[in-house]
Amino acid sequence: MDRRFFRLTIDVYVAGRWHLGKPTTLSGQELEDVWVFGYGQPLEFRERLRVPVKRPGRPLDFDTAGVGQAPVVNARVADVFRKFAPHDVQLFPAEVAGQVEPYWLMNLVRTVRCIDDKASAEVQLYTPEDGRPDRLGEYRSVIGLRIDTSKVGDARVFRLWGWRPPIIVDEEIKAALERVGIVGGQFDAV
């Protein structure tokens, strides 16, 4: 049986939702690279992290912080990822301003090359004319994302090679997150 996968995104339509700022260290030092949580590779932090609240509102179980879109999860969501994908994610304890409940910055440590160029509605690749030799051959845009599940292997949650923003989860993780009543996340089949 083919496994099904979903893109996990923030639900911007949660009424009265908060908006999170970019993560820092507890001492307030900005992270050297704001995109570091999107690379799909292991990270190491020596200091605990903090996430400011840019606009107060309803706390969410799943959200992203700052321009780098670092995934921020509460205890229920973190427990699902610990149970179903312990080798695919890192969870870094983080203080979220004004919250007593524990939160974590979640890092996906796997990247899978599995975008299905033909089944996706539209893909655009970086070319030499784009002036980004560091991104040559990677995706500049993907609309109507579809993946080739035969290339996923045993990954349960991962980033996509060449198109970093999406967080992809398998159907078992999706179902578990729905069972715990995730607020702030939504799923789109890929």
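Buried means under 20% relative accessible area, exposed means over 50%, and partly exposed lies in between (1.4 Å probe, protein chains only).

This is a predicted model: local features need pLDDT of at least 70, side-chain atom pairs count only at pLDDT 80 or more, and totals for chains, interfaces and linings use all residues. Residues are numbered from 1 along each chain as its sequence is written, and side-chain values use heavy atoms, with hydrogens and water left out.

**Exercise 1. Describe the overall build of the protein.**

Step 1: Take the secondary structure. There are two helices and 15 strands. Helices (H or I, at least four residues) and strands (E, at least two) are DSSP runs, numbered from the N terminus.

Step 2: Check the radius of gyration, taken over C-alpha atoms. The globule rule is 2.2 Å times the number of residues to the power 0.38. For 190 residues a compact globule would have a radius near 16 Å; the protein has 17 Å, which agrees.

Step 3: Look at the box. Along the principal axes, the C-alpha atoms fill roughly 45 × 40 × 30 Å.

Step 4: Turn to burial and contacts. Of the 190 residues, 45% are buried. A contact means heavy atoms within 4.5 Å. Among contacts between residues at least 6 apart in sequence, 68% join residues at least 24 apart.

**Exercise 2. Find how the charges are balanced.**

Step 1: Count the side chains. There are 27 positive and 27 negative ones. Lys and Arg count as positive, Asp and Glu as negative; His and the chain ends are not counted.

Step 2: Compare the centres of the two sets. They lie 2 Å apart. Each charge is placed at NZ of Lys, CZ of Arg, CG of Asp or CD of Glu.

Step 3: Count the salt bridges. A salt bridge is a side-chain nitrogen of Lys or Arg within 4 Å of a carboxyl oxygen of Asp or Glu. The count comes to 16.

**Exercise 3. Are Asp63 and Arg17 buried or exposed, and what does their pair tie together?**

Step 1: Identify the bond. Asp63 and Arg17 form a salt bridge, with the closest N and O atoms 2.9 Å apart.

Step 2: Locate the partners. Asp63 is in strand β6 (residues 62-65) and Arg17 is in the loop between β1 (5-10) and β2 (19-20), so the pair ties together parts 46 residues apart in sequence.

Step 3: Check the accessibility. Asp63 is buried, at 2%. Arg17 is buried too, at 4%.

**Exercise 4. Work through the salt bridge of Arg76 and Asp61.**

Step 1: The two side chains meet at 2.4 Å, N to O.

Step 2: Arg76 sits in helix α1 (residues 75-84), and Asp61 in the loop between β5 (53-55) and β6; they are 15 residues apart.

Step 3: Arg76 is partly exposed, with a relative accessible area of 36%. Asp61, at 7%, is buried.

**Exercise 5. Place Arg48 in its surroundings.**

Step 1: Arg48 lies in the loop between β3 (24-25) and β4 (49-51).

Step 2: Its relative accessibility is 40%, so Arg48 counts as partly exposed.

Step 3: List the neighbours. Leaving out residues up to four places away in sequence, Arg48 touches Thr24, Thr25, Leu26, Pro93, Ala94 and Glu95.

Step 4: Take one of these, Ala94. Arg48 and Ala94 are 46 residues apart in sequence, yet their C-alpha atoms are 6.3 Å apart in space.
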